[in-house]
Every structure is written in structure tokens, then in C-alpha cells.
Amino acid sequence: MTGSVEEFLTARRGTGRPLLVPYVTAGVTPDWTNIVRAYADAGADAVELGFPFSDPMLDGVTIQEAAGRAIAAGTTVRGILDEVATLDAGVPLIAMTYSNLVVQRSVAEFCAALAASGLRGLIVPDSPLEEAGELADAAADAGLDLVLLAAPSSSRARLREIAERSRGFVYALTRMGTTGERGEISEGAARLGRELKELTDRPVLFGFGVSSPARAAELAGHADGVVVASALMRRLLDGARPRELGAYVASLRRALDQGAR
Amino acid sequence: MGEMSWSGRQGVAVPPGARAMGDPGATGRFGGYGGRYVPESLIPACHEIEAAFRAAWGDPEFRGRLDTLLRVYAGRPTPLTPAWRLSRELGITLLLKREDLVHTGSHKINNVVGQALLAHRMGKERLLAETGAGQHGVATATAAALLGLKATVFMGERDIERQELNVLRMNVLGAEVVPVTTGSRTLKDACNEAMRHWVSSVDDSYYCVGSVMGPHPYPWMVREFQRVIGEEARAQCAAELPVGVPDYVVACVGGGSNAAGTFAGFAGTTARLVGVEAEGGAAATFGRAGVLHGFRSLVLQDEHGQVREAHSVAAGLDYPGIGPEHAHLRDGGRARYETVNDDEVVKALLRLARTEGIVAALESSHAVAWVIRAAGSGEIAPGSTVMLTLSGRGDKDIASIKELL
């Protein structure tokens, strides 16, 4: 796979395909890289890899539990990167983690290490526009797309700046709250998708609360696709194997493709 | 009473030149620390709170209401009490700023009355708070009741067990106490959970942060609301001491709010500023730069960047970070940070109780413990004057130290 996250996703979108980005917490099980492959084989357009952090401010109980399990198993950034380096999923891999792991040595060193192991993108939910300047430069230098979050509470002026400065795609939050399946999708989600689509040609993906194939298809109608995390991690924590998680991603894929018809 | 002269004249006029710890500006930076590391969802709320605080802080009517409440409701100004017998034993002059005497029993009320007034002015209906020892939770529940607001307090399950009395007090005051069962089940996790809840309720809820931590404007705003400690103490020292300024100003540090408020009153003087941390939660001493709970500061963490759990006999100091301004004061050498262990702390609590008839909180006893050690070793020269902020009273801790008696 060559090119940036944004080039890859834009090309896929160009075929009329709603975009699907499933998530897995790296290190959550010994065979987590098989989960990444299963996602790719089931029709994922990119895969989001959570680098577990002890204090995940924006995560609900499911991702917290997955992160806790991964940390307890001894997962480290270095260890994840070593495994990623041997992984050719055929779709871009995007890291998701919190600022504390990013600033350990320097943001430049972190970004360079991610890129060297083959990651193509980075999401840091507790690094908003104001704090992302140095990180954005370091990511650009390393050839990583730094994905920014947009929220229902963001003003139009902020949305414009987020859309302008985000790379890869714009991560639109369906609602005010943490990751997780519970809760309804706010009315603001449709508005947010619409506004972002007016402001940018970059792909716009919805995340948070994409709890079912039907919900995924509904949301994709307001943007270019979805990120699905807790629904998958809940199944994993309940014992699902990579093959079963792949089957769930395939069901999301079908619902998205049918919805687009 | 001892031979030390003491007039009891304790005026509280603010001396000039006391403003050395200033406004961190729009980015909320104290040197390289501070900032606003929160999800995009919370950025508008942070902007709104900063704007509301700037307006309120410059509004004489708001300041007047706050001053009145601090005076007639919270019981300010608090006295500066000489520790007569302990001073004689240690060969120094030890003065205690008596935050243990304010309503609810700790300095937390200063900040909470300010933030609750601000939340009320902003039209918010509910206060959210995290709490460790329960003092901030009790203060928040109290201010909420006073202003007719609802209060939801997040508290680690482990802290709920060891601070049962404060949980009951919050219940009596009508607050909802939400047990936090994740992670270490202490203050750090209560902060995470309060933040998560805030994201989903930001329209009608106001997050009343309990220390000089969190995203901008909290570290600055909380320090400003606690500045009253330092300004009163400075004026009281000016009225009582022959040289006007103590040699040392000492306060305990968890997140560091009573220390920040105290230091703010003395940063522009020649006094040496000393923050005292719990050995098992000493971010200024053992921490590395990192980002936690919305701000960049010194954080206790492992080599991989996972935040460590803090351990202290004092629940209120069980925090793996330190306020960003403290990290900056440390780097610049304006303040220094020392650690004491649990054993020294319990001994200090008992010694102060038995020499002065004052039962200090375990948190505050950290500051006392360091002064006892430093005076004993000669690090604090004989004859020195030490102003120590006694941040809270120890009633809540009696049960937990009973085995040690």
C-alpha cells in the first residue's frame, strides 16, 4: 500500500463506496494483529489502532476496559510498533492515542517512529487545534496524516479551521460524550456532517455511538463513512475471535453498501 | 502563651507587589506547562468559562458578592496563629494560617464558593466535581446547596471506603456521590470520570475543578480563588512580624491549590517558598513532563508513559500530577518541593495536636512534618520565621489513624 491515508480514502470514496474504519486496541489480545487482517479482509478501508493509555479521558467503559487489559498484558508503544512493522494489512493503519504517550520524548520522535513502522495516520483526541501546532508539523514531516476531531459543539469558524487543518479525514463526533454504544445520536450529528461537507472535500467520517450496521448506514448518509470501535471491542471482550469480529465488519460493510445504493 | 510577642492585630489590606504570580494569558501557559489538552467537544466550554471568569473577576459586583460570602458564610479572614509551644521546641517562630477554621473545614471552600458563584452567573444548573479525601466534594455540595444548584461528585471507590464521614456529609447536603470503580479507584480516576461526564452534560453542568489542575482557565482561576489565603497571610505577617515577611512559606501539595494560593501572596517577597508532597505522590520530585487531565505538567508515570497510581496516607494527596504553575515555579527555582513519608506525617499530626491543641488534616500535616524535620536538621536556621498554611482540619482522619495511636 502506498500513498497517504487521505489519498487512499479519497480514491475509495471515488468509487461510490461509503468508508468504513474499524478500531482495535493494540495488545488487547495476543493475536490482535489477526484482528487487523480480519478487518481488512472484511472490507475495512483503513484500521484505527488504539495505543492503550492508563487515563483515556474520552473513552467510555468498553474501550477503557480494552485498554486496561492491553496495559496489564504489558503492551507498550515500542512493542506495538514492532508488531505493526511486520503487518501488511493492505489498508492504511491509523494510530489513536492520548497526548501523554505522544510527548514522552518528543512529538517528532514519536511521529517518526510511527511512520517508520508503517503507520500512516494519527489521532490524538486530547490535542485540539490550539495544542496541535507542533504535533501537526511533526506529523507532516514524518508523512503521517494527523486527523482532527470536530464536535457538535464546535462553532462554524472552528469547523472551518478543523476542516482546513485536518489530514486524512475529519473525525466528526456524533454526539457530546465518550466513546460507547449507549446513547442516541444527537440531532447535531446530521448538521455537523452537512456543515463539514460544505467546508471541505476531505472525507468526513462519523465516530462514537456507531452501535449497529443500521446505525452505520444511517450516519454514512450524512457524511462519507464511519469509524466503529466500541461495538467491536464489546464483542471482543465478550470472547469474539478475529474471524467473528471480521464477520461483524462484513455486516457493517454490507449495510453501508446497501445504504449507498 | 509563650514569650513570643503577639498583638493579635491582623489587618487584611493587600500589600503592594503581591501579584508576581500573574495571568497566564489566552493559552494558559506557565512556561512550558499548562495549556488545554481536552477533546474538541470541551473547547467551547473552556472558552466560555475563561470569558466568564475574566468578566467576573473584573466585575466589582461579583468580587463584592464573593468577599461577602467568604466573610459572613465561610468565616474569613482566618487567623494566623503562632504555634507557641512547638515553636519553642523547634527553636523557630512557626505561624499557622488557619484554613482548618473555615466552613467545611478546609481551604477548598474558598475556591468552591468562587466557582459556584461563577456557575450561577453563567446560568448552569449543576456542579460536577471530583474528590479525593472528600473535602472538595463536601465544599462543592455545600456551595451548591447555598446557591440552589445540584451537585454530582465523583469519588473513587477506595476513597469512599476510607472517607466514609465525608460521603455522609455530602449526602446530607443533598449531593449525589458517584462511586468510581475504574483504575486505581482514587482521585486520578475520579478526575477522568468527572471529565467524561462533563463532556456529555456540558450544556447545563459546570465542572467545579478542585485544585490548580485541569485545562485552562482552571489552574489559574483556582489559584486566583485561593489567593485570598496568601494575601491575608501576607498582610497578617506584615502586621505582626518585625521584618514583615517570614523566612519560609510552607504548604502541602497534592494538586497544589492551597500552596498556589499561599505562594501567590508571597511570590513577590523574599520568603522562600516550599511545597511539601507525599512521598508516594511526589510529582514535582519524581515526575516527568507529561499530559494528564487536560494540562501539561510533571506527572508520575512509568518509562512507557502510563500514569502511576499515587499512594499516601492522605487521600487528598493521592494525585500523580501537580498543578502546572508549580512545575513552572520549580523549574524557575522560585519554589522548591520536598517530600515526607506517611510515618513522619502521622507523627507530625500527633505532635501538633499535643503541643497546640490543633488536629490538622493528614494533608496539612505533611507541611508540619517537613518543618519539624528541617528545623531539627538545621536546614531551617534557628530563629527563622515560618508561615505554614494549615489547609484543613483532621476530624475526617481520626478514624484512619486510630490504629496508629
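**Exercise 1.** How many residues does the contact take from chain A, and how many from chain B?

*Solution.* Keep in mind that this is a predicted model.

Step 1: Pick the residue pairs across the two chains whose C-beta atoms, placed from the backbone, lie within 7 Å.

Step 2: Count each side. Chain A puts in 30 residues and chain B puts in 26 residues.

Step 3: Look at which elements of chain A take part. At least two residues each come from α3 (61-72), α5 (99-102) and β5 (145-150) on the side that touches chain B. The top contributor there is α5(A), with three residues.

Step 4: Sort that side of chain A by class. You get 14 nonpolar, twelve polar and four charged residues.

**Exercise 2.** Now stay inside chain B: work out how its two domains are laid out and what domain 1 offers to domain 2.

*Solution.* Step 1: Mark the bounds. Domain 1 of chain B covers 29-71 + 108-207, while domain 2 covers 75-105 + 221-404.

Step 2: Take the C-alpha centres of these two domains of chain B; they're 22 Å apart.

Step 3: Count the contact between them. Domain 1 of chain B gives 37 residues and domain 2 of chain B gives 36 residues.

Step 4: Find the elements on the domain 1 side in chain B. Among those supplying at least two residues each are β2 (33-34), α1 (43-57), α2 (60-73) and α8 (187-201). The biggest share comes from α4(B), with six residues.

Step 5: Split the domain 1 side of chain B that touches domain 2 by class: 15 nonpolar, 16 polar and six charged residues.

Note on methods:
Residues numbered from 1 in each chain as written. Chains lettered and ligands numbered in written order. Predicted model: local features only at pLDDT ≥ 70, side-chain atom pairs only at ≥ 80, totals over all residues. Domains from an automatic or database assignment. Helix = DSSP H or I, 4+ residues; strand = E, 2+ residues; numbered from the N terminus. Nonpolar A, V, L, I, M, F, W, Y, C, P; charged D, E, K, R; others polar.
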